[in-house]
Amino acid sequence: MKIGIMGTGIVGRSHAEKLTELGHEVMIGTRSVEKTMAEDKPDGMGNVPFRDWHKSNQTVKLGTFDEAARFGEIVYDVLRGEVAVGVFASLDKESLSGKIVVDIANALDFSQGMPPLLLVHDGNSLGEQLQKAIPGAKVVKTLNTVSAQLQTNPMMLNDGDHQVFMSGNDPDAKKSVEAILRSYGWKNILDLGDITTARGTELLMPMWLRLWGALGTPLFNYKIIK
């Protein structure tokens with residue numbers, strides 16, 4: 001399968017590596033290919049420049065956002081929350097028509113430092129905003145409540161016995177995303193319902209960030225017991 005990934009950061013890179021390992025073709029999308037490849041300093045989280053990462057992952061293509069959207073049969077949103085809706089709204093609508101968009105982004109505002117504030121709240125979510133911006137696509141919100149490492153390798157923690165959540169309006173799209181999640185190693189996938197249920201998982205992020213601070217590691221997750 002051909003998969004487009006919007007965003008060159010650590011989350012996008014983690015998924016590109018995993019999807020390539022699983023036999024998929026991947027193109028990562030960026031605003032400017034030239035600028036991305038010219039960057040020679042680590043990002044704000046200390047991750048190596050994209051061009052250095054790409055030397056070890058040369059089967060992953062790099063293109064513009066528009067090119068990645070056209071390339072992918074499925075498209076991942078791993079952009080910063082404050083720019084995600086704008087980027088997707090600017091794309092040629094035909095390039096996303098009928099496609100699944102896996103929304104992993106979180107609407108976090110880091111402008112005031114740590115911990116960040118939520119950009120979207122009070123009866124809304126980034127997932128809903130994204131679905132409204134690209135009505136011809138099928139948005140499925142998932143994986144936004146775990147670190148990049150666990151997103152693509154859930155077996156790193158408790159033998160994979162922990163939860164990932166999913167929200168979306170289209171049942172068939174969610175089945176397709178569930179198949180990808182299971183190929184990653186996810187065992188416990190909880191379908192919360194339509195895209196409005198993304199409000200719940202996005203609101204978990206302030207708690208998740210504080211748990212990271214208290215535990216000193218992002219390698220943790222929720223497990224639902226009933």
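This passage walks through the packing, the largest pocket and a few single residues of the predicted model shown above.

We may begin with the interior. The largest nonpolar core holds 29 residues, and those that touch the most other members are I5, I28, Y76, L143 and W186. Two or more residues of this core are given by each of the strands β1 (2–6), β2 (25–30), β4 (74–77), β5 (100–103) and β9 (163–168), and likewise by the helices α1 (10–21), α3 (50–55) and α9 (171–184). Among these elements, α9 supplies the largest share, with five residues. In soluble globular proteins, nonpolar side chains tend to be buried together. L143 offers a good view of the surroundings: beyond residues up to four places away in sequence, L143 touches H15, I104, Q151, V164, F165, L181, Y184 and W186. Another core lies apart from the largest one; it has 20 residues, including F65, L79, L91 and A137.

Helix α5 (81–90) shows how a single element can be packed. The buried residues of α5 are G81, V83, A84, V87 and F88. Viewed down the helix axis, these buried residues fall within an arc of 140°, so they line one face of α5. Their packing partners are the strands β1, β4 and β5 together with the helices α4 (65–71), α6 (93–96) and α7 (126–133).

Attention now turns to empty space. Rolling a probe the size of a water molecule over the atoms shows where such space is left. The largest pocket has a volume of about 1,700 Å³. A total of 46 residues line this pocket, and G9, I10, M45, V78 and R80 are the closest to its centre. Elements that give two or more residues to the lining are α1, β2, α2 (33–38), α5, α8 (148–152) and α11 (205–215). Helix α11 provides the largest share of the lining, namely four residues. Sorted by class, the lining has 23 nonpolar residues, 15 polar residues and eight charged residues.

Three individual residues round out the picture. N47 sits in the loop between α2 and α3. With a relative accessible area of 18%, N47 counts as buried, because the cut-off for that class is under 20%. Leaving aside neighbours within four places in sequence, N47 is in contact with I10, R13 and P42. I10, one of these partners, is also among the residues closest to the centre of the largest pocket.

A105 is found in another loop, between β5 and β6 (108–109). This residue is buried, with a relative accessible area of 3%. A105 and R80 are 25 residues apart in sequence, yet their C-alpha atoms are 6.3 Å apart in space. Not counting residues up to four places away in sequence, A105 touches D77, L79, L126, K141 and N144. Of these, L79 belongs to the core of 20 residues described above.

K2, by contrast, lies in a strand, β1. At 33% relative accessibility, K2 counts as partly exposed. Its contacts, setting aside residues up to four places away in sequence, are E25, F71, G72, E73 and I74. K2 and G23 are separated by 21 residues in sequence and by 9.6 Å in space, C-alpha to C-alpha.

Terms used: Residues numbered from 1 in each chain as written. Predicted model: local features only at pLDDT ≥ 70, side-chain atom pairs only at ≥ 80, totals over all residues. Heavy atoms only, no water. Core = buried A, V, L, I, M, F, W, Y, C linked by side-chain atoms within 4.5 Å. Buried < 20%, exposed > 50% of the residue type's maximum accessible area, 1.4 Å probe, protein only. Contact = heavy atoms within 4.5 Å. 1 Å grid on protein atoms, 1.4 Å probe; cavity = no way out; pocket = protein on both sides within 12 Å on 5 of 7 lines; lining within 4 Å. Points joined across faces, edges and corners; volume = space filled by probe spheres on them. Nonpolar A, V, L, I, M, F, W, Y, C, P; charged D, E, K, R; others polar. Arc of directions from axis to C-beta.
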